[in-house]
Amino acid sequence: MVQGLDTRAISIYSPILEELSLVEDRLHDLANTSIPELEPLLDHALSHGGKRVRPALTLLAASIIPTETDNPVKMATGVELLHLATLIHDDTVDDADTRRGRASVSGRWGKEVAVLLGDYLFATSATLVCDTGNLRVVRRFAETIMELASGELIEYFNTFNPQQEMERYYDRIYRKTASLFRTTSETGAVLSGADEDQIQALSRYGYNIGMAFQVVDDLLDILGDESELGKPVGNDLKQGILTLPTILLLQRYPEDNPIPLLFKEPGNTCYLERALEMTRNSSIIPDCFTVIREYCDKAISDLESLPRAESRDSLESMATYVRERSR
């Protein structure tokens with residue numbers, strides 16, 4: 001059984017709970033290695049993994065067209081390992097000492113160990129995907145790693161830069177977040193033997209869910225509670241990262257805007273608090289809700305051509321869940 005799932009997640013995942021438990025078992029088995037130095041690192045990285053949204057999407061997409069193979073479970077495990085590897089590298093680049101309220105790998109063991117562990121998980125995820133024996137899936141997975149890395153590089157080279165276009169922002173969040181969501185649903189469909197129209201529908205679904213998911217995260221960084229986020233509110237701005245609400249703030253208030261001043265003096269909490277307050281007390285928040293709703297509505301629309309099934313209902317519920325995360 002997957003630990004840490006709330007009632008809502010269990011309801012959404014109900015068609016694939018058994019398969020998701022197999023993913024959890026495989027992750028647990030990976031932590032039991034013959035290399036003693038790796039065991040505590042893997043145990044730390046692979047436990048307390050959140051809601052397992054990405055493997056769940058893989059399995060839900062695969063189960064719309066039932067298949068007898070265990071390739072979707074292999075793919076779902078690989079997807080989750082890739083996600084965990086990116087989190088470890090993100091925390092290392094960002095100098096983050098905590099992740100979901102626990103010590104990050106870099107915070108506990110240092111940057112050198114964190115980079116190597118992230119690399120180990122990347123490689124392990126790739127071996128699982130190769131075990132599916134599906135070249136199309138392997139290629140899409142490799143493309144996703146390229147997109148994730150390029151998104152991180154784009155973000156890194158644009159930190160503390162107040163001159164950023166909205167189009168560039170959407171490209172960055174596709175690469176950093178939505179690309180993996182797209183891969184989860186697309187590869188699940190491929191491995192189930194779905195036809196090309198169904199594969200493309202689920203690929204679009206994953207893209208739209210992933211874009212909505214990231215905009216929600218951006219909004220929670222402004223509106224959330226530190227105890228729930230596991231990191232300080234306003235952390236993106238503090239790190240010099242512009243998101244949808246803060247780009248809108250710069251566009252709508254070009255004069256006397258605290259963000260350029262904050263980027264010149266990153267340690268000045270007065271500028272940070274003023275930027276957060278201005279964003280919260282403007283029309284920017286409801287406008288971001290509109291963007292989230294539009295992406296989720298597109299995701300639900302993408303499912304209309306698929307056969308009616310319990311898994312399809314769960315994918316619709318997932319879109320509704322993502323839309324409600326920020327409220």
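This passage walks through the salt bridges, two unusual backbone angles and the internal cavity of a predicted model.

A good place to begin is with the charged side chains. Side chains of opposite charge can pair when their charged atoms come close. In this model, the structure holds 23 salt bridges, and three of them serve here as examples.

The pair formed by Lys74 and Asp70 has its closest N and O atoms 3.7 Å apart. Its two partners differ in their surroundings. Lys74 has a relative accessibility of 16% and therefore counts as buried, since buried means under 20% relative accessible area. Asp70, at 36%, counts as partly exposed.

A second salt bridge brings together Glu147 and Arg140, with an N to O distance of 2.8 Å. Here Glu147 is buried, and Arg140 is buried too.

The third example joins Arg323 to Asp297, whose closest N and O atoms lie 2.9 Å apart. This pair links distant parts of the chain: Arg323 belongs to helix α17 (residues 310–324) and Asp297 to helix α16 (residues 284–302), with their positions 26 residues apart in the numbering. Arg323 has a relative accessibility of 23% and so counts as partly exposed. Asp297 is partly exposed as well, with a relative accessible area of 37%. Elsewhere, salt bridges with shared partners tie Arg139, Arg140, Glu143 and Glu147 into one network; the Glu147 and Arg140 pair described above is a salt bridge between two of these residues.

The backbone offers two further points of interest. Arg52 is not a glycine, yet its phi is positive, at about 55°. This residue sits in the loop between α3 (39–46) and α4 (53–63). With a relative accessible area of 2%, Arg52 is buried. Phe160, also a residue other than glycine, has a positive phi near 60°. Its place is the loop between α8 (135–157) and α9 (166–192). In contrast to the buried Arg52, Phe160 counts as partly exposed, at 33% relative accessibility.

Finally, the interior can be searched for enclosed space. The count comes to 1 cavity of 30 Å³ or more, and the largest cavity has a volume of about 30 Å³. Its lining is made up of Glu155, Asn158, Thr159, Gln164, Arg172, Gly240, Ile241 and Leu242. Sorted by class, this lining comprises 2 nonpolar, 4 polar and 2 charged residues.

Terms used:
Residues numbered from 1 in each chain as written. Predicted model: local features only at pLDDT ≥ 70, side-chain atom pairs only at ≥ 80, totals over all residues. Heavy atoms only, no water. 1 Å grid on protein atoms, 1.4 Å probe; cavity = no way out; pocket = protein on both sides within 12 Å on 5 of 7 lines; lining within 4 Å. Points joined across faces, edges and corners; volume = space filled by probe spheres on them. Nonpolar A, V, L, I, M, F, W, Y, C, P; charged D, E, K, R; others polar. Salt bridge = Lys/Arg side-chain N within 4 Å of Asp/Glu carboxyl O. Buried < 20%, exposed > 50% of the residue type's maximum accessible area, 1.4 Å probe, protein only. Helix = DSSP H or I, 4+ residues; strand = E, 2+ residues; numbered from the N terminus.
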